[in-house]
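I opened my notebook to look up a handful of things in one structure, going slowly and writing down each item as I found it.

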Amino acid sequence: MAERLKDKVALITGAAQGLGKEMAKLMIAEGAIVFISDINSTQLEATAEELSCSAILLDVTNSENWVKAIDQIKNDAGKLNILVNNAGIGNGGDIEATDLDTWRLVHNVNLDSVFLGSKHSLPLMRESGNGSIINVSSMSGIVASHNTSAYNSSKAAVRHLSKSIALHCAKSTNLVRCNSIHPVFTRTAMVQSMIDAAPERNIEEKLIQQIPIRKLAEPIDIANAAVFLASDESSFITGTELLIDGGLSAT
Ligand code: NAI
């Protein structure tokens with residue numbers, strides 16, 4: 001590996017499994033000191049042991065948890081250069097089928113988390129010299145579906161909030177960049193549970209048919225994009241969105 005993230009310290013949320021775990025693995029391989037965090041303590045500990053990295057129990061919807069997490073990173077590592085706001089929950093339901101509690105929960109986990117995480121991390125990231133915030137949105141934040149109203153809305157808001165953060169940060173000498181990434185259907189537990197829930201509906205094939213390159217994304221495809229945005233190779237890139245969609249948005 002090329003150590004593209006040498007001397008950088010990263011915090012990744014929702015990293016006990018799935019995309020967050022894959023990003024952690026690749027960032028460690030590229031030389032970063034990585035703190036993984038999650039709300040699922042059992043899975044978090046197992047993953048921290050597997051990757052030999054530090055773990056922080058962090059519910060991304062909880063402001064006090066964020067303050068403690070950033071304090072811990074400051075004490076243990078002295079700086080923070082990379083924040084990946086990855087934790088998120090999927091949810092099916094068109095607008096009529098979605099109740100207000102579900103709507104609020106999805107926005108709380110997927111959107112409020114990005115607000116809280118970015119807000120609480122920024123002072124340390126600036127103090128650290130420079131930094132990169134990577135917000136995991138989704139293709140669903142750009143292309144809507146009839147039956148994922150809350151998820152669509154939360155992920156679209158993450159895209160726009162990322163731009164607002166980027167413009168705010170651009171005013172500072174110690175530049176912290178902020179970008180959003182937009183994966184298409186990727187083979188993680190989130191998508192697998194959707195596929196397994198209704199085998200008779202052949203959901204995997206239906207998902208693949210929407211993607212011009214005719215396959216689901218793999219977690220490594222998303223991790224590669226995150227490493228690029230975390231590294232200095234992307235130092236002039238801020239306020240943009242990176243679509244990792246196998247050509248879907250070109251149709
Ligand atoms: P996943 O369900 O495998 O992992 C999500 C992780 O977030 C879990 O470890 C879970 O415990 C954690 N989490 C949930 N609520 C939390 C909270 N309040 N605080 C802290 N951690 C919490 O999901 P996956 O597939 O790895 O997705 C990661 C991100 O990528 C999500 O934001 C998702 O919306 C997004 N995404 C996923 C796609 C996919 O096809 N898998 C496509 C596009 C976006």
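The entries below follow the order in which I looked things up.

**Entry on the model.** I noted before anything else that this is a predicted model, and I kept that in mind for every value below.

**Entry on the ligand.** Which residues come nearest to the ligand? I found that 27 residues surround the ligand, and that Asp38, Asn86, Tyr151, Thr186 and Thr188 come nearest among them. I then looked up some atom pairs, and saw that an oxygen atom of the ligand lies 2.8 Å from a backbone N or O atom of Leu19. A side-chain N or O atom of Asp59 is 3.0 Å from a nitrogen atom of the ligand, while a side-chain N or O atom of Lys155 is 2.9 Å from an oxygen atom of the ligand. Taken alone the ligand exposes 830 Å², and I wrote down that the protein buries 92% of that area.

**Entry on helix α5.** I turned next to helix α5, which has 22 residues and runs from residue 149 to residue 170. At 1.5 Å a residue the helix should span 32 Å, and because its end C-alpha atoms are 32 Å apart, the expected span and the model agree. I listed the buried residues of α5, which include Tyr151, Lys155, Val158, Ser162, Ala166 and Cys169. Several of these positions are three or four places apart in the numbering, and I copied a reminder beside the list. An α-helix has 3.6 residues a turn, so residues three or four places apart point the same way. What covers the buried residues of α5? The cover includes helices α4 and α6 as well as strands β5, β6 and β7.

**Entry on Ser137.** I found Ser137 in the loop between β5 and α5, and it counts as buried because its relative accessibility is 3%, where the cut-off is under 20%. The side chains of Ser137 and His182 are joined by a polar contact of 3.3 Å. Leaving out residues up to four places away in sequence, Ser137 touches residues including Lys155, Val158 and Arg159, and also Ser180, Ile181 and Pro183. I noted that Lys155 and Val158 also stand in my list of buried residues of α5.

**Entry on Thr102.** Thr102 belongs to helix α4 and is partly exposed, with a relative accessible area of 24%. I looked up its distance to Ala150, and the two residues are 48 apart in sequence but 7.9 Å apart in space, C-alpha to C-alpha. The side chain of Thr102 also makes a polar contact of 2.7 Å with the side chain of Asp99.

**Entry on Val191.** Val191 lies in helix α6, and I recorded it as buried because its relative accessibility is 9%. Beyond its neighbours within four places in sequence, Val191 is in contact with Phe185, Thr186, Leu207 and Leu216. Thr186 had already appeared in my notes, as one of the residues that come nearest to the ligand.

**Entry on Ser37.** Is Ser37, in strand β2, buried or exposed? Its relative accessible area is 0%, so Ser37 is buried. Not counting residues up to four places away in sequence, Ser37 touches Leu11, Ile12, Thr13, Gly14, Ala15, Ala16, Leu44, Ile56 and Leu58.

**Entry on the cysteines.** How many disulfides are there? The count comes to 0. I checked Cys178, whose sulfur has its closest cysteine sulfur in Cys169 at 6.6 Å, which is too far for a bond because a disulfide needs the two sulfur atoms within 2.5 Å. Cys178 is buried with a relative accessible area of 0%, and Cys53 also counts as buried, at 16% relative accessibility.

**Entry on backbone angles.** Most residues other than glycine have a negative phi. I therefore marked two residues to look at again in the light of that general pattern. Asp7, in the segment before β1, has a positive phi of about 70° although it is not a glycine, and at 54% relative accessibility Asp7 counts as exposed. Asn202, in the loop between α6 and α7, has a positive phi near 50°, and at 46% relative accessibility Asn202 counts as partly exposed.

Note on methods. Residues numbered from 1 in each chain as written. Predicted model: local features only at pLDDT ≥ 70, side-chain atom pairs only at ≥ 80, totals over all residues. Heavy atoms only, no water. Buried < 20%, exposed > 50% of the residue type's maximum accessible area, 1.4 Å probe, protein only. Helix = DSSP H or I, 4+ residues; strand = E, 2+ residues; numbered from the N terminus. Expected span 1.5 Å × (residues − 1). Contact = heavy atoms within 4.5 Å. Near = heavy atom within 4 Å. Polar contact = N/O pair within 3.5 Å; in protein donor to acceptor, adjacent residues only side chain to side chain. Areas by Shrake-Rupley, 256 points an atom, 1.4 Å probe, with all protein chains shown as cover.
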